[in-house]
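Hi everyone, thanks for coming. Today I'd like to walk you through a structure that may be new to you, so please have a look at it with me.

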Amino acid sequence: MDIKLLSFPADSPPLSVIVAAKFASITFPADSSLASGSAPTFLFTNGLKLHGTSVLLRYIGRVTNIPNFYGENAYESSQIDEWLEYAPILSTGSAFENACSYVDKYLERRTFLVSHSLSLADVAIWSGLAGTGPRWESLRKSKKYLNLQRWFNSLLVEYSDGLDDVLTTYVGKRGGKSSGAKLKDQQGLTQKPNSVNQDTSDKGKSGSKSTFEVDLPNAEIGKVRLRFAPEPSGYLHIGHSKAALLNQYFAQRYNGEVIIRFDDTNPAKESNEFVENLLKDIETLGIKYETVTYTSDYFPQLMEMAENLIRQGKAYIDDTPREQMQKERMEGIESKNRSNSPEENLRLWKEMILGTEKGLLCCLRGKLDMQDPNKSLRDPVYYRCNPIPHHRIGSKYKIYPTYDFACPFVDSIEGITHALRSSEYHDRNAQYYRIQEDMGLRKVHIYEFSRLNMVYTLLSKRKLLWFVQNGKVDGWDDPRFPTVQGIVRRGLKVEALIQFILEQGASKNLNLMEWDKLWTINKKIIDPMCPRHTAVIEERRVLFTLDNGPEKPFVRVIPKHKKYEGAGEKSSTFTKRIWIDQVDAQCIKVDEEITLMDWGNAIVKGIEKDGDGFVTRLSGILHLEGSVKTTKLKATWLPDINELVTLSLMEYDYLITKKKLEEGEDFLDVLNPCTKKETIAVGDSNMRNIKRGDILQLERKGYFRCDVPYVRPSKPIVLLAIPDGRQQSCSK
């Protein structure tokens with residue numbers, strides 16, 4: 001009896017089975033046409049079948065000639081069984097890193113997982129890691145799990161012939177993940193330059209999506225110091241997240257450190273609320289930082305530096321009106337004040353410090369080059385007057401440095417080695433270096449990456465603030481907002497956001513990203529773990545009477561997730577009268593057999609409708625011996641009992657109706673008039689126990705996150721719909 005065919009879903013090939021078969025020299029054709037979520041299957045030449053990854057692995061272990069592949073004795077075989085049962089946890093989202101930690105510790109004094117030779121246990125765990133792609137690669141690059149990395153790499157080298165083919169064929173096809181050869185190179189197993197600073201043949205290729213193919217210029221292991229420097233004028237959004245995570249990635253890669261610095265130089269926009277929530281968002285992202293600093297900590301030194309530049313003739317006071325100054329900069333016309341003496345400039349500088357009537361008309365400008373083709377070098381503004389109190393230091397100062405002046409100073413003073421900046425600042429890089437040179441400070445290397453832009457999304461804090469101030473959203477954590485708090489509230493797992501951003505890497509290519517890709521990653525994380533519940537839409541719900549149904553209700557305890565025991569159990573009540581959705585009732589014909597999910601089949605014998613064609617009542621009989629394979633409709637249902645809970649199902653849409661705003665286009669012209677939709681439903685009684693933040697699936701309705709849990713019967717449980725990567729907008 002030979003294996004005739006291996007069948008599996010295209011989105012989840014059983015990597016461990018394929019690897020084990022390669023090692024065992026067992027060949028068979030593969031069919032990847034099974035429906036998503038189906039178990040992998042062996043079809044034998046005699047027509048018999050076996051199902052499930054662990055079952056298929058054990059079969060290979062029993063028929064192979066590889067010594068001890070399934071253990072030398074019963075005890076070792078049982079140890080291997082333990083690892084086969086443990087392996088699926090590597091694909092369960094938040095449990096992944098805990099699993100890595102466990103296996104890493106276990107391998108501290110071991111070469112193989114069981115005994116002293118390769119076994120199915122090694123195949124299962126190795127395949128589980130390789131199959132997660134960037135998630136494992138980012139951890140491996142952090143050097144956090146050295147024992148696990150050693151073991152993983154040794155297998156990849158020792159058995160490269162078999163593993164390369166499998167990785168290239170199956171891992172390489174899933175979402176653009178690494179092929180076998182590329183993965184080997186990322187593991188550091190092919191010949192590479194002696195230093196991370198040296199170029200490689202693959203580095204910098206256009207279109208690359210991997211963070212792992214780029215180096216920081218002139219970086220030394222153990223000496224890299226980076227900063228993530230948000231302005232406290234709003235909450236952290238998805239664009240900032242990319243900068244924060246890339247800083248952490250490079251710090252881990254070079255065994256360096258990250259600091260958080262609040263660029264608080266504009267008191268008109270900033271507040272302690274924003275500081276507190278930015279720190280909260282940074283913690284949510286898992287950013288490990290060395291310390292927190294503020295640009296305002298350096299105001300005395302910055303003022304001293306400004307005064308030194310005035311004395312040296314490298315800066316001057318200008319009272320030219322702002323609009324005229326902008327026009328002169330564009331046309332390369334020098335200000336009438338550019339040739340003022342240092343003494344006159346120092347006199348006016350003191351007027352600015354005091355905030356006098358004359359001082360309020362002035363600003364401090366750097367004397368760089370008004371003829372430079374790069375307009376950022378045409379005498380930029382260093383200081384402006386602003387009498388508004390600062391959120392940290394009150395009314396101590398009447399003048400504040402600009403970002404362009406403060407950033408190169410503080411970066412150098414704080415020992416930053418590399419400043420990561422989005423490529424939108426590219427034209428100002430020359431200005432950054434010139435200002436550091438005029439200040440006589442140590443040069444900081446700039447590393448550029450592309451700004452993260454999302455379709456139908458505004459990332460400007462000024463524009464987001466408009467929505468908050470005008471009551472168009474419920475706050476900075478509104479589920480329609482691209483803020484970290486907003487998308488997490490909507491149901492995005494942080495692991496999905498990290499994977500999404502690391503897959504893009506530190507590319508400098510500008511891309512407009514689709515939200516669907518992010519939500520698809522999220523679905524793959526939440527689907528294997530989240531509990532299943534049942535809901536029926538309240539409007540025109542239909543009572544279905546089962547003539548031969550139970551005269552007395554009875555209760556069964558069933559799993560909340562058929563494939564994940566960790567989701568727990570729920571009580572399901574079976575009654576003679578049940579509720580189903582109007583949309584399902586509309587599909588049913590008299591004498592049609594349907595399946596009632598988690599119960600069995602029923603035959604509909606009677607259908608009553610109102611004058612508008614809506615179904616008002618159904619009657620029928622249970623037919624539990626019927627086959628669920630023959631029915632078209634698999635209906636969700638709820639018992640007719642008083643314990644059902646009221647649900648408010650919230651769906652959200654984009655705030656604007658255009659994928660990308662053109663330069664100069666007003667976002668107010670493309671506001672989406674319908675961005676929120678509420679649907680009232682009833683849900684199973686088990687939902688009384690869900691907590692705020694819990695993620696669940698309502699069978700046949702989608703994924704939801706609990707925003708307001710059960711309090712009392714008169715107040716609905718509020719569930720926010722989580723997009724799954726293919727969801728239609730709520731306005732359609």
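I'll talk about two sheets, then the cavities, and then a pair of aromatic rings.

One thing to keep in mind from the start: this is a predicted model.

Let's begin with a sheet of three strands. It is open, its strands come in the order β5-β6-β7, and they pair in parallel. Which strands sit at the edges? Those are β5, residues 225–228, and β7, residues 292–294, and each of them pairs on one side only. Going from one strand to the next, the twist averages 35°.

If you look at β5 and β6 together, you'll find four bridges joining them, with β6 covering residues 257–262 and the two strands running parallel. To find your place there, look for L226, which stands opposite V258 in β6. There is also a helix packed on this sheet: α10, residues 238–253, touches both β5 and β6. The direction of α10 makes about 165° with that of β5.

Now please turn to another sheet, this one with seven strands. The order is β25-β22-β23-β24-β18-β21-β26, the sheet is open, and the pairing is mixed. At its edges stand β25, residues 634–635, and β26, each with a single partner strand, so one side of each has no neighbour in the sheet. Further in, how do β18 and β21 pair? They pair in the antiparallel sense over four bridges, β18 being residues 542–546 and β21 residues 577–580. A handy example to pick out is T545, whose bridge partner in β21 is R577.

Next, the empty space inside. Rolling a probe the size of a water molecule over the atoms shows where such space is left. How many cavities of 30 Å³ or more does the structure hold? There are two.

The largest cavity has a volume of about 200 Å³. It is lined by 18 residues, and the closest to its centre are T534, S572, W637, L638 and D684. Strands β20, residues 569–574, and β26, residues 638–639, each supply at least two residues of that lining. You've already met β26, as an edge strand of the seven-stranded sheet. The largest share of the lining, four residues, comes from β20. As for character, the lining of this largest cavity divides into seven nonpolar, seven polar and four charged residues.

The second largest cavity has a volume of about 40 Å³. Its lining includes V19, F23, L118, D122 and W126. Helices α1, residues 15–23, and α5, residues 120–131, are the elements that give two or more residues to it. Which one gives the most? That is α5, with four residues. Here the lining of the second largest cavity splits into eight nonpolar residues, one polar and one charged.

Last stop: the aromatic rings. The count comes to 32 aromatic pairs, and I've picked one to show you. Y235 and W476 form a stacked pair, 5.4 Å centre to centre and with 10° between the planes. Y235 lies in the loop between β5 and α10, while W476 lies in the loop between α17, residues 461–469, and α18, residues 484–490, so this pair ties together parts that are 241 residues apart in sequence. That also brings us back to where we began, since β5 is an edge strand of the three-stranded sheet and α10 packs on that sheet.

Thanks for listening, and do rotate the model yourselves.

Key. Residues numbered from 1 in each chain as written. Predicted model: local features only at pLDDT ≥ 70, side-chain atom pairs only at ≥ 80, totals over all residues. Heavy atoms only, no water. Pairing = 2+ DSSP bridges. Axes fitted to C-alpha atoms, helices over the stretch in contact; angles between N-to-C directions. Contact = heavy atoms within 4.5 Å. 1 Å grid on protein atoms, 1.4 Å probe; cavity = no way out; pocket = protein on both sides within 12 Å on 5 of 7 lines; lining within 4 Å. Points joined across faces, edges and corners; volume = space filled by probe spheres on them. Nonpolar A, V, L, I, M, F, W, Y, C, P; charged D, E, K, R; others polar. Phe/Tyr/Trp six-rings, centres within 6.5 Å; stacked < 30°, edge-to-face > 60°.
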